[in-house]
Amino acid sequence: MQFWTFFFLISSFGIYIVIAWRSRVKETKEFYVASRGVPTIANGAAVAADWMSAASFIGMAGMIAFLGSDGSVYLMGWTGGYVLLALLLAPYLRKWGKFTVPEFVGDRYSDGVRVIAAICAIVISFTYVVGQMTGGGVVFSRFLGLSAEWAVVVAALVIFFYSVLGGMKGITYTQVAQYIVLITAYLIPAVAVSQQIGGFPIPQVTYGSILAELDQLRIDFGLDRFTEAFAGRDGGQLDVFLVTASLMIGTAGLPHVIIRFYTTKTVRGARFSAFWALLFISLLYLTAPAVGAFTKLNLLRGTEGATADDLPAWIAPWAEGGYVTLNEESGVIQTVSNNAASGADLIVSNDILVLASPEIGGMPAPIIGLMAAGGMAAALSTAAGLLLVISSAASHDIYYRMISKEKATEKTQMLVGRLAMAGALVVAIFAGLNPPAFVAQVVAFAFGLAASTFFPILILGIFWKKANAKGAAAGMLTGLIFSGGYMIYTLELFGLAANEHILGISPEGIGTIGAAVNFTVTIVVSNLTRPPSEEVQEMVESIRYPAKQQLEAAGKL
Amino acid sequence: MSDATQEGSSGAAPPAENDWRQRYWKKNLRLMIVLLAIWFTVSFGFGILLIEPLNTIEIVGFPLGLWFAQQGSIYTFVVLILVYALWMDRIDDEFGVSERNGKGERE
């Protein structure tokens, strides 16, 4: 097994490095937006790889396996946001055509808003990137027996090579390769397990046919039925609604996803790459719930009536890594949980269900090696996209636009861009090695923060000419304070005790209300203060039309 | 194919000159609202608000509400974006604002 894991990891890394060398860049336009020359389908694949993180690849099916029906919050939340992005943001931001998200906000509103936005972009992306570093560590430590520290350093070196050398261009084309690696790695075991369990190779179909047996097994183990709605979350229907909405709105407001739409040739290209992106993403997201259900079924079948001695063979190596815990004294296994505090007989971490699925299903060694390469591809591609946002916010928005007042030469800008990228990576390595205690919790809440800060002022900035700088600044800050405040109130952060959820609303769902607060404040303040200048209103008008009107092309005019 | 633009060459009366802009924008907004209404109905409607009544209907093993929440909504999202992109091509062409290169070909 070791051989195949090394084989797939090293050959995939080799491909990324060759692509990076071939797409190295010299100009800022290449570095930040890949010269706006990325073909539509390639951009769709790059968005998909950018989007699907270590959490999507490694963790999501596992979460669904334990959450059951309510796993839908992640499935709908992390795909539905693309509809908002495609219809409301991507074409207009592409038409406006600059380098970063804070740059749009700064030009549309004011320099003050630009700085707030740049800081928000850095904070959101940073909390997110730490999760990718530790996710890569899980893959390395399990499959290569490498210590987690070295794993993080190796992953960082590969990212360093192609992001510093090639900027957005290098990142884009490696992401296309990474998408292919990760989707292949995800689908092959899923199809094989589907065939093995249900005798039919399409997981989305087999999924339905095993639900009755899975429900019955879960009842035997003292769990809720898999198909039972609102059983997995304490807040019930209201909470499921708010969390889904918060993830959708947050998805549409995440800077590392939005900037990918700056790289297409045309406005039309931005619309179609949103379609390709979601199509590519849906291949994994439609399969994930099936993988979750299959693995759970195999897990429960394998452990039903078993004792510590006759457990399936795949469990032992994971138990060594601490991802599976067995309560030895209890004899026959009666309860299974993913929660260490539950005191169940067998405790299995969410993070291993996908990586272990080929082993659980008894697949041959090459497929297990491919899973390792897929998990790494997911972590690397997302980390690189996030690092670009961090470095461009620092070097372009803060250094070039604010400090050098747009006077820096091309060469200096490139140097600062590369230095900022290297700096961001070094900080990410340290954070990945010693994750600050609060970061792991905050990752899931990056969405809530993006929803309550960026999304409302981007939408109003595009669709409402009267939205002004004072309104946007007030809206972003109240949204941030409102959502951030509720998260600090309900979670154990910064040494403060966790409080009860108000009305059962979990901190993941607060972003929906934060976004509503931001919308309201921005509208009220904008109405009370002076509307933006004529030029700004004309700029808002101009981004509505993909090109100048051509009489002949219009035909009947 | 000439590059004549409405702003530069048309001799029409000033109020009518930008009339097409409003019509274009209205068509765009109408399409957007229809698609977002479907988006909301399928995901939040079928997948969350009505999931329990829909779960009483079973189709090839799936309780229908669960199917919408974990599968059907995602299929719908993909189709919605495709319809949007294709429909906007038609609107762009109708108003002559699609992006074309020097030869008048779509870029």
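**Exercise 1. The loop at B:Val60**

Determine where B:Val60 lies in chain B, and decide whether B:Val60 is buried or exposed.

Solution. Step one is to locate the residue: B:Val60 belongs to the loop that connects strand S1 (58-59) with strand S2 (62-63) of chain B. The model examined here is a predicted one. Step two concerns the backbone: phi of B:Val60 is near 35 degrees, which is a positive value in a residue other than glycine. Step three is the accessibility: exposed residues have over 50% relative accessible area. B:Val60 has 69% relative accessibility and therefore counts as exposed.

**Exercise 2. The make-up of chain B**

State how many helices and strands chain B has, and give the order of its elements from the N terminus on.

Solution. Chain B contains five helices and two strands. Read from the N terminus, the order is α-α-α-α-β-β-α. Turning to burial, 47% of the 107 residues of chain B count as buried. As for contacts in chain B with a separation of 6 or more, residues 24 or more positions apart account for 47% of them. The accessible surface of chain B amounts to about 5400 Å², and carbon and sulfur atoms hold 63% of that surface.

**Exercise 3. The overall form of chain A**

Describe the helices and strands of chain A, and explain why chain A can be called as compact as a globular protein of its length.

Solution. First, chain A has 22 helices and three strands. Second, its radius of gyration is 24 Å, and the globule rule gives 24 Å for 557 residues; the two values are close, so chain A is as compact as a globular protein of that length. Third, the C-alpha trace of chain A spans about 75 × 55 × 55 Å along its principal axes.

Further values complete the description. Of the 557 residues in chain A, 62% are buried. Among contacts between residues at least 6 apart in the sequence of chain A, 82% join residues at least 24 apart. Chain A has an accessible surface of about 19200 Å², with 64% belonging to carbon and sulfur atoms. Finally, chain A carries 33 positive and 35 negative charges, whose mean positions are 20 Å apart.

**Exercise 4. Helix H16 of chain A**

Test whether the end-to-end distance of helix H16 (residues 410-433) of chain A agrees or disagrees with its number of residues. Then name some of its buried residues.

Solution. Helix H16 of chain A has 24 residues, and at 1.5 Å a residue it should span 34 Å. The end C-alpha atoms are 35 Å apart, which agrees. The buried residues of H16(A) include A:Gln413, A:Met414, A:Gly417, A:Ala420, A:Met421, A:Ala424 and A:Ala428. In general, an α-helix has 3.6 residues a turn, so residues three or four places apart point the same way.

**Exercise 5. A residue that touches A:Gln413 and A:Met414**

Establish in which helix A:Thr28 is found, whether A:Thr28 is buried or exposed, and which residues A:Thr28 touches.

Solution. A:Thr28 is part of helix H2 (residues 28-33) of chain A. The cut-off for a buried residue is under 20% relative accessible area. With 5% relative accessibility, A:Thr28 therefore counts as buried. Leaving aside residues up to four places away in sequence, A:Thr28 touches A:Val33, A:Phe99, A:Glu410, A:Gln413 and A:Met414. Of these contacts, A:Gln413 and A:Met414 are among the buried residues of H16(A).

**Exercise 6. Two glycines of helix H19**

Decide for A:Gly471 and for A:Gly485 whether each is buried or partly exposed, and relate each to a residue elsewhere in the sequence.

Solution. A:Gly471 lies in helix H19 (residues 469-490) of chain A, and A:Gly485 also has its place in H19 of chain A. A:Gly471 has a relative accessible area of 0% and is therefore buried, whereas A:Gly485, at 34%, counts as partly exposed. Residues up to four places away in sequence being set aside, A:Gly471 touches A:Thr522, A:Val525 and A:Ser526. From C-alpha to C-alpha, A:Gly471 and A:Arg530 are 10.0 Å apart in space and 59 residues apart in sequence. For A:Gly485 and A:Tyr74, the corresponding values are 23 Å and 411 residues.

Technical notes
Residues numbered from 1 in each chain as written. Chains lettered and ligands numbered in written order. Predicted model: local features only at pLDDT ≥ 70, side-chain atom pairs only at ≥ 80, totals over all residues. Heavy atoms only, no water. Helix = DSSP H or I, 4+ residues; strand = E, 2+ residues; numbered from the N terminus. Expected span 1.5 Å × (residues − 1). Buried < 20%, exposed > 50% of the residue type's maximum accessible area, 1.4 Å probe, protein only. Rg over C-alpha atoms; globule rule 2.2 N^0.38 Å. Contact = heavy atoms within 4.5 Å. Areas by Shrake-Rupley, 256 points an atom, 1.4 Å probe, with all protein chains shown as cover. Lys, Arg positive; Asp, Glu negative; His and termini not counted. Charge placed at Lys NZ, Arg CZ, Asp CG, Glu CD.
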